[in-house]
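Student: I'd like to learn how to read a pocket in a protein model. Can we walk through one together?

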Amino acid sequence: MKVCKKEAAVLYKNSNNCQNLEYPLGDPDINVSVATVNGKYPVSGYCINLEVKELLYIMEGTGKLIKKDEIIEFKAGDVILIEKGEAYRWDANCKVLISCAPAWYEKQHKLIDEES
């Protein structure tokens, strides 16, 4: 069993509109964070995770995940699975619990332009 107390969580600011409170468990197979999104992220283009799936639980708020060919609206209490390799962007005001498998790491997370 592994435990990470809130005091050990690390705050990462992806942009002015998105920040993540990462809970370091030291497990390569899974990790967890709480993201707060207020507006668009990324501001233009899309983000993509090349190696990890993201399981989202919407804790508070509402919003949209925007893909090139689909818009997914969500609200508190919804669960969303983002497959590795899916390009999307946020337009939301929400707090989200995110669990990634395998564990998320920065080098596999990419921002891509509208044309990619």
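Tutor: Let's go from the whole chain to its pocket and then to a single residue.

Tutor: Ground rules come first: this is a predicted model, where local features need pLDDT of at least 70 and side-chain atom pairs count only at pLDDT 80 or more, while totals for chains, interfaces and linings use all residues. Residues are numbered from 1 along each chain as its sequence is written, and side-chain values use heavy atoms, with hydrogens and water left out.

Student: How many helices and strands are there in the chain?

Tutor: Zero helices and nine strands, where strands are DSSP runs of E of at least two residues and helices are runs of H or I of at least four, numbered from the N terminus. The radius of gyration, taken over C-alpha atoms, is 14 Å, close to the 13 Å from the globule rule for 116 residues, so the chain is as compact as a globular protein of that length. That rule is 2.2 Å times the number of residues to the power 0.38.

Student: What share of the residues count as buried?

Tutor: 35% of the 116 residues, with buried meaning under 20% relative accessible area for a 1.4 Å probe, protein chains only.

Student: Now the pocket. What's the general idea?

Tutor: Rolling a probe the size of a water molecule over the atoms shows where empty space is left. Here, a pocket is an open set of points on a 1 Å grid over the protein atoms alone, where a 1.4 Å probe fits, with protein on both sides within 12 Å along at least five of seven lines. The largest pocket has a volume of about 590 Å³, the space filled by probe spheres set on the points, which are joined across faces, edges and corners. Its lining counts 30 residues, and the closest to the centre are Tyr12, Asn14, Asn20, Glu22 and Trp104; lining residues have an atom within 4 Å of a point.

Student: Which strand gives the largest share of that lining?

Tutor: β3, with five residues. Strands that supply at least two residues each include β1 (10-15), β2 (18-23) and β8 (87-101).

Student: And where does Glu22 lie?

Tutor: In strand β2. Glu22 is buried, at a relative accessible area of 15%. Beyond its neighbours within four places in sequence, Glu22 is in contact (heavy atoms within 4.5 Å) with residues including Ala9, Tyr12 and Ser33. Glu22 and Tyr12 are 10 residues apart in sequence and 7.3 Å apart in space, C-alpha to C-alpha.

Terms used:
Buried < 20%, exposed > 50% of the residue type's maximum accessible area, 1.4 Å probe, protein only.
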